Amino acid sequence: MSDEILTVRGLQLAAGEDPERVVVDGIDLSVREADRIGIVGASGSGKSLTLLAAVGLLPGSVRQTGG
């Protein structure tokens with residue numbers, strides 16, 4: 001039995017109507033109970049969208065196209 005509470009594999013997100021406009025491409029992460037994680041990156045790199053996708057709260061202008 002795994003103690004992972006969140007697993008994301010190959011997450012890909014596209015913005016707008018164009019499926020070619022990929023804003024997040026190929027994110028993998030797993031979080032176990034009692035883990036603490038930090039996600040770092042440049043402004044606009046997709047950190048917030050990655051976490052919103054993981055909990056099912058993407059804005060209407062962004063679609064999950066993979067993972």
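Helices and strands are runs assigned by DSSP and numbered from the N terminus, a helix having at least four residues and a strand at least two. In these terms, Ile37 is found in the loop between strand E2 (22-32) and helix H1 (47-54). The structure described here is a predicted model. The protein chain contains 1 helix and 3 strands, and from the N terminus on its elements follow the order β-β-α-β.

**The chain as a whole**

- The C-alpha trace of the protein chain spans about 40 × 25 × 20 Å along its principal axes.
- The protein chain has 67 residues, and buried residues make up 19% of them.
- About 4800 Å² of the protein chain is exposed, and carbon and sulfur atoms supply 50% of this area.
- Among the contacts in the protein chain with a separation of 6 or more, 51% join residues that are 24 or more positions apart.

**The sheet**

- The 3 strands form an open sheet in the order E2-E1-E3, with antiparallel pairing.
- E2 and strand E3 (62-66) stand at the edges and have a single partner strand each, so one side of each is left without a neighbour in the sheet.
- On average, neighbouring strands of this sheet are turned by 35° against each other, direction ignored.
- As a general principle, the strands of a sheet pair through backbone hydrogen bonds, in either a parallel or an antiparallel manner.

**Strand pairs and the hairpin**

- Strand E1 (residues 4-15) is joined to E2 by 8 bridges, and the two run antiparallel.
- Within this pair, Thr7 stands opposite Ser30 in E2, while Ala14 stands opposite Val22 in E2.
- The hairpin of E1 and E2 has 6 residues between the strands, and in this hairpin Gly16 takes a positive phi near 70°.
- E1 is also joined to E3, by 4 bridges, and these strands likewise run antiparallel.
- Gln12 has Gly66 in E3 as its bridge partner.

**The helix against the sheet**

- H1 packs on the sheet and touches E1, E2 and E3.
- The direction of H1 makes about 120° with that of E1.

**Two residues of strand E1**

- Leu11 has its place in strand E1, and Glu4 is found in strand E1 as well.
- Buried means under 20% relative accessible area; Leu11, at 4% relative accessibility, therefore counts as buried.
- Partly exposed covers the range between under 20% and over 50%, so Glu4, at 34% relative accessibility, counts as partly exposed.
- Apart from its neighbours within four places in sequence, Leu11 is in contact with Val24, Asp25, Gly26, Ile27, Thr50, Ala53, Gln64, Gly66 and Gly67.
- With the neighbours within four places in sequence again left aside, Glu4 is in contact with Ser30, Val31 and Arg32.
- Leu11 and Ile27 are 16 residues apart along the chain, and their C-alpha atoms are separated by 4.8 Å.
- Glu4 and Gly56 are 52 residues apart in sequence, and the distance between them is 18 Å, C-alpha to C-alpha.

**A nonpolar patch on the surface**

- Ile37, Ile39 and Leu51 make a nonpolar surface patch of about 250 Å².
- One of these residues, Ile37, belongs to the loop between E2 and H1.

Note on methods:
Residues numbered from 1 in each chain as written. Predicted model: local features only at pLDDT ≥ 70, side-chain atom pairs only at ≥ 80, totals over all residues. Heavy atoms only, no water. Patch = residues over 30% accessible without salt bridge, like charges linked within 9 Å, V, L, I, M, F, W, Y side chains within 5 Å. Areas by Shrake-Rupley, 256 points an atom, 1.4 Å probe, with all protein chains shown as cover. Salt bridge = Lys/Arg side-chain N within 4 Å of Asp/Glu carboxyl O. Pairing = 2+ DSSP bridges. Axes fitted to C-alpha atoms, helices over the stretch in contact; angles between N-to-C directions. Contact = heavy atoms within 4.5 Å. Buried < 20%, exposed > 50% of the residue type's maximum accessible area, 1.4 Å probe, protein only.
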